[in-house]
Structures are given as structure tokens and as C-alpha cells.
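Please open the model in your viewer and keep the sequence panel beside it, since this tour moves from one selection to the next.

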Amino acid sequence: MLDRRTKEQLLSEIAAEVRACTRCPLHATRNRAVPGSGDPDARVMLIGEAPGYYEDQQGLPFVGAAGQLLDRLLARAGLVREEVFIANILKCRPPKNRDPGDTERAACAEYLDAQIGIIQPCIICLLGRVPLQALIDPDASVTRIHGSRIRKHGMLWIPLFHPAAALHQPHHMPALETDFDRLADALRDVTDP
Ligand code: SF4
């Protein structure tokens, strides 16, 4: 188990590498890479798809309306943003927010794998279809398994709808809220089994 200071150091080295990365063509169209941010000792890590317009402008994950909704949902689980770590499958924005390509994903995977390995969270929330299919099962459906608990590599993985989906399709909001209530239950179970 790494101490907090070492984790901070290693995560900041990864962030510096990401900001200078030219491993895939997305480096040419990004404004700012978004390495991810949060508590190096986070018990909960949230993984989204890729930076959007505002994230690309600011270099931070989940800003704008989806970020505000995420903060409200985290509060349902008794969490604040400063105590989780938020990252994406891709660290640079795909043009017009298209899905990540396979070669882009493969080129970027090492960064996220390293972040997970350093932080060693108890729970990883997968926000939407892209991270679920990239990290758990390429055929998995978030509609079918959202809110469930998957055990893998000694951690609990929980697929959730992406907050942006609930902004665009409000009928997803009750399910998203219920899933964050389930995250609170899962967190209690891993903290005090
Ligand atoms: S998306 Fe990932 S692999 Fe591609 S340039 Fe950005 S940091 Fe590098």
C-alpha cells in the first residue's frame, strides 16, 4: 500500500505525461488534456467516457451542467467531489464528442490503469456505456445492469447511467438517483462489512 505522498507524486507524474502526450491523433485537436483529479486516497473512483467541450476548455473532468448534477448525485451517496477521484477512459476530447475509437482507447488505457493501480479504490463507478464496455464486457448493456455490483481485481465495480444522459433524457433521472443511493449502500458495506 502506497502512502498518500507517494500517490500524489505518482499521480502528478501521470498528469504531466498526459498533458504532453502525443500517442494518438486526439492530441492535435484537444485544447487541454484532462488527466483526472481528486483524492489520491479515494475510496470511490468514477470513470467517464472522455472530456466534453467544457472539460477540454478547462482541463478538468465533469465541469458544466453534468458536473453540477454529478455533485448533487454524489451528495446522495454522502460524498463530496474532493473525496473521490474522477477520470475518463480517454484523456483528450474526441472531435464533436464522438465515441472513442479502438486505437485511441488502446493508446490511452495505460494512464487509467496506472491511476487505478495507484489509488486502489474500494469501488469504481462506471459512468455510461463506454467505460462499462471498455473495462468490464464489450457486450454489456448499461440499461440492463446499471446499479449492480461486479467484483473484479478485488474491487467493486458499479455501472451507472452517465449524468449527461439524464440531462438529455430526464426519464433516466430516477434510475440514476436510485443508483447513487445504492452506491451509498455499497460504500457502507465495503467500509463496515
Ligand atoms: S487521448 Fe490519451 S493517448 Fe490520445 S493523446 Fe490524449 S492522453 Fe494521449
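Begin with the strands of this predicted model: six of them form an open sheet in the order E1-E3-E2-E4-E6-E5, and their pairing is mixed. Colour strand E1 (37-38) and strand E5 (150-152) separately, as these are the edge strands, each of which pairs on one side only.

Next, select residues 44-48, which make up strand E2, together with residues 84-88, which make up strand E3; the two run parallel and are joined by five bridges. To follow one of these pairings by eye, label valine 44, whose bridge partner in E3 is valine 84.

Now add helix H8 (residues 173-191), which packs on the sheet and touches E2, strand E4 (123-127) and strand E6 (155-160). The direction of H8 makes about 175 degrees with that of E6.

Move on to helix H1 (residues 4-19) and show H4 alongside, where the two helices pack at an angle of about 170 degrees with their axes 10 Å apart. Because angles over 145 degrees count as roughly antiparallel, H1 is described as roughly antiparallel to H4. Display the side chains of Lys7, Leu10, Leu11, Ile14 and Val18 in H1, which meet Tyr111, Ala114, Gln115, Ile118 and Ile119 in H4. The residues of this contact divide into eight nonpolar, one polar and one charged.

Finally, centre the view on the ligand, which 14 residues surround, the closest being Cys21, Cys24, His27, Cys92 and Cys108. Which helix gives the most to the shell around the ligand? Helix H4 (residues 102-119) does, with three residues. The shell as a whole divides into nine nonpolar, two polar and three charged residues.

Key: Residues numbered from 1 in each chain as written. Predicted model: local features only at pLDDT ≥ 70, side-chain atom pairs only at ≥ 80, totals over all residues. Pairing = 2+ DSSP bridges. Helix = DSSP H or I, 4+ residues; strand = E, 2+ residues; numbered from the N terminus. Contact = placed C-beta atoms within 7 Å. Axes fitted to C-alpha atoms, helices over the stretch in contact; angles between N-to-C directions. Near = placed C-beta within 6 Å. Nonpolar A, V, L, I, M, F, W, Y, C, P; charged D, E, K, R; others polar. Parallel < 35°, antiparallel > 145°, perpendicular 65-115°, else oblique.
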